[in-house]
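Dear colleague,

I am passing on the structure we talked about, and I would be glad if you could look it over with the notes below beside you. They go through it region by region.

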Amino acid sequence: MLPLPRFTGYLFLVLLIVSVWTAGAGVAATIWCALQAAVVVVAQHRPATRGRSLLAQLVLTYLPVAGIGPSGLETDHLLAATALWCLPPRWRWAGFATVAAISGPLHAQHRWGEMLHLDITTAAIGAVVYLLSRLTVLVDALDATRDELAQLTQTRERLQVARRLRDALGDRLTAVLDLLRRARTDLTPRPDRATAAVADATDATRRIIAAVRELAAEQHDSARMPPDDVPISRLAPRLALSASVISLGSWVAVEVLESPGARIAMAFGGTALAGLLLAQLLRPEPMKRLLVPQALIALAPLPWLGATWSVWLILLAVSVLVCADDIRLAVAVPALVGLRAIYGGPPGNGGPGGHWSWLVMAAEATLVLFGLARFLQLSRQLNRSRQDLIQVTTQVERLRLARDIHDLLGLTLSVLVLKGDLITELVHRDPVRAATEIEEALRIASRARAEAWALADTAETRSLCAELRVAGAALADACGTVSIDCDDELPVTAGAVLAPVVREAVTNVLRHSTATRVRIECRRQDGDVRLEVHNDGAADESEGAGQGLRNMRARVRDAGGSFSAARSGGEFRLTARVPC
């Protein structure tokens, strides 16, 4: 579909003013109509003056009826549009309907057919003036809320994960803490009971690790997508569709009423063309093949029904614009509009404009219907793009959360299991050291619970120095020789990327190797921060280690860095570089 200018609503107001002049109403009436159009624009853009704008529009509309101002000027549709902008929401459409209802009796003086015609015309044009400007605002708002939508989607996912983590881990970690406290109490008087409590805590931690892996896998593989809950996403296309249906229905009704000799044919032709146009609009992509029956319906009866039938050329022109994806198809539109003007009014009919008056009227109708059709298509396209944004944001956030669940909780829980196994061996052999290790296990379990709570918070700050300290303490309990060499001051941004890499690398050492020697080095080098983790006792790559390496590689590459990991001769070397 061809693009539609943002000033379509203003262009339609200009055409309304021009139509007053070409209809022969005179300079005074044209200026009067221009003033009323200006009031509509002020009402739209200056909410603080809407009460005064509505009062001014009332005066400008009804003074000519009282004999003050240009005679014969019927601009009730501009008052109806102003009422929609100015009245409170609960009274808005009631006021609009009142203005439309009284326009017929006010100007037609009990000629029932003309009264109905005026009522329908006032309502249709008033709604179009309002909707062409209102839809622009709605589409802008729909587009402007994309960032808000992405943030809302992220927040929704985090809250869901936070709830699931609390359900899956909260009570279990609390139970682990209770078991460790019981072991601390029973350590001296009842060492056997202390040993049993620690063994139960270790088994419970292993089950928690399994639950964490399951949750991470679910986050990674979930196909469920949240809906777009922003109300405007539903309002814009519904409003555009309603306006299109109302405009088409009103126009067909008016033309049928004005054609007493061919009402059945006009009703059939108008309904068929309007239905085909709506069918084109409701498809994701307009169907060009429908132009063939539309052209047959609009052009075939012209030689017999002439001016009466030529009104439907406008619907054909709008359908061409809806389907036109380049300028070649759109060149038919001026010909159709011109043909309508030629059939519609012979020279000298209807005022000083002759054919020009009919040309302006045809251009007005084409612009209105195409404007509403374009806004309907645009709002539907924006909603589809918003749904795509929801899908991408949700998938990225789920991958991030799955990675964080794996990285953040993996090391802490693995260390807790190792501590439990160590304490079980020390209870009878070295009670003093066992007591120290129980205290350390309590701190680790508390930290694991805090990490589970923090996973839903993107503002979490990961300190590289803190991770290195935790890594040193964890490795010292499991490995013989641990060497950590790190520059004193490193960039915070690089540290935030490398901290979870350190955590995951140490987790892999603890889980998937029999290391007796580990060296960690982190230094500035050629504008980068370079992290290297080197250990012996490397085992064959397991599924868990492979996932951890993929997570680390993704983190580093997302930050514009490089990552490598290689196993050689029973040793494993991991290197990550991140720009400063």
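**Annotated spans and helices**

The end C-alpha atoms of residues 264–282 lie 27 Å apart, and this span is 95% helix and 0% strand. Please bear in mind throughout that the model is a predicted one. The span belongs to a set that comes from the UniProt record, an unreviewed entry, which places the feature "transmembrane region" at residues 12–42, 54–71, 115–133, 264–282, 302–322, 329–346 and 358–376. Another of these spans, residues 115–133, is 100% helix and 0% strand, with its end C-alpha atoms 28 Å apart.

Towards the beginning of the chain, Phe 7, Tyr 10, Leu 11, Val 14 and Val 18 make a nonpolar surface patch of about 400 Å². Val 18, one of its members, lies in helix H1, which covers residues 8–22, and this residue counts as partly exposed because its relative accessibility is 31%.

**The sheet**

How many strands form the open sheet, and in what order do they stand? There are 5 strands, arranged in the order S1-S2-S3-S5-S4, and the pairing among them is mixed. Strand S1 (481–486) and strand S4 (562–568) stand at the edges, and since each has a single partner strand, one side of each is left without a neighbour in the sheet. From one strand to the next, the twist averages 10 degrees.

Strand S3 (residues 528–535) and strand S5 (residues 571–579) run antiparallel and are joined by 8 bridges, and within this pairing Leu 531 stands opposite Ala 576 in S5. S5 also pairs with S4, again in the antiparallel sense and over 7 bridges, with Ala 566 standing opposite Arg 573 in S5. The hairpin of S4 and S5 has 2 residues between the strands, and in this hairpin Gly 569 takes a positive phi near 60 degrees.

A positive phi also occurs at Asp 526, where the value is near 55 degrees in a residue other than glycine. Asp 526 lies in the loop between strand S2 (517–525) and S3, and with a relative accessibility of 72% this residue counts as exposed. You may wish to look at the backbone of this loop when you open the model.

**Salt bridges**

Side chains of opposite charge can pair when their charged atoms come close. In this model the count comes to 18 salt bridges, and I describe some of them here.

Within the sheet, Arg 519 forms a salt bridge with Glu 532, the closest N and O atoms being 2.7 Å apart. Arg 519 lies in strand S2 and Glu 532 in strand S3, so the pair ties together parts that are 13 residues apart in sequence. As for their surroundings, Arg 519 counts as partly exposed at 28% relative accessibility, whereas Glu 532 is buried, with a relative accessible area of 6%. Both residues take part in a network of salt bridges that links Arg 519, Glu 521, Arg 530, Glu 532 and Arg 573. Arg 573 is thus a member of this network and is also the residue in S5 that Ala 566 stands opposite.

Lys 419 forms a salt bridge with Glu 437, and the closest N and O atoms of this pair are 2.6 Å apart. The pair links distant parts of the chain, with Lys 419 in helix H16 (residues 355–429) and Glu 437 in helix H17 (residues 431–454), 18 residues apart. Are these two residues buried or exposed? Both Lys 419 and Glu 437 are buried.

Arg 190 forms a salt bridge with Asp 186, where the closest N and O atoms are 2.9 Å apart. Arg 190 is partly exposed, with a relative accessible area of 38%, while Asp 186, at 3% relative accessibility, counts as buried.

**A contact across the chain**

Finally, which residue comes to 7.3 Å from Ser 414 in terms of C-alpha atoms? The residue is Arg 511, which is 97 residues apart from Ser 414 along the chain. Arg 511 lies in helix H19 (residues 492–512), and at 24% relative accessibility Arg 511 counts as partly exposed.

With best wishes

How values were computed:
Residues are numbered from 1 along each chain as its sequence is written. This is a predicted model: local features need pLDDT of at least 70, side-chain atom pairs count only at pLDDT 80 or more; totals for chains, interfaces and linings use all residues. Side-chain values use heavy atoms; hydrogens and water are left out. Two strands pair if DSSP finds at least two bridges between them. Helices (H or I, at least four residues) and strands (E, at least two) are DSSP runs, numbered from the N terminus. Axes are lines fitted to C-alpha atoms, for helices over the stretch in contact, and angles run from 0 to 180 degrees between N-to-C directions. UniProt positions are given in the numbering used here, feature names are shortened, and annotations may be inferred rather than shown by experiment. Patches are made of residues with over 30% relative accessible area and no salt bridge: like charges are joined within 9 Å, nonpolar side chains (Val, Leu, Ile, Met, Phe, Trp, Tyr) within 5 Å. Accessible areas come from the Shrake-Rupley method with a 1.4 Å probe; for residues, only the protein chains shown count as cover. A salt bridge is a side-chain nitrogen of Lys or Arg within 4 Å of a carboxyl oxygen of Asp or Glu. Buried means under 20% relative accessible area, exposed over 50%, partly exposed in between (1.4 Å probe, protein chains only).
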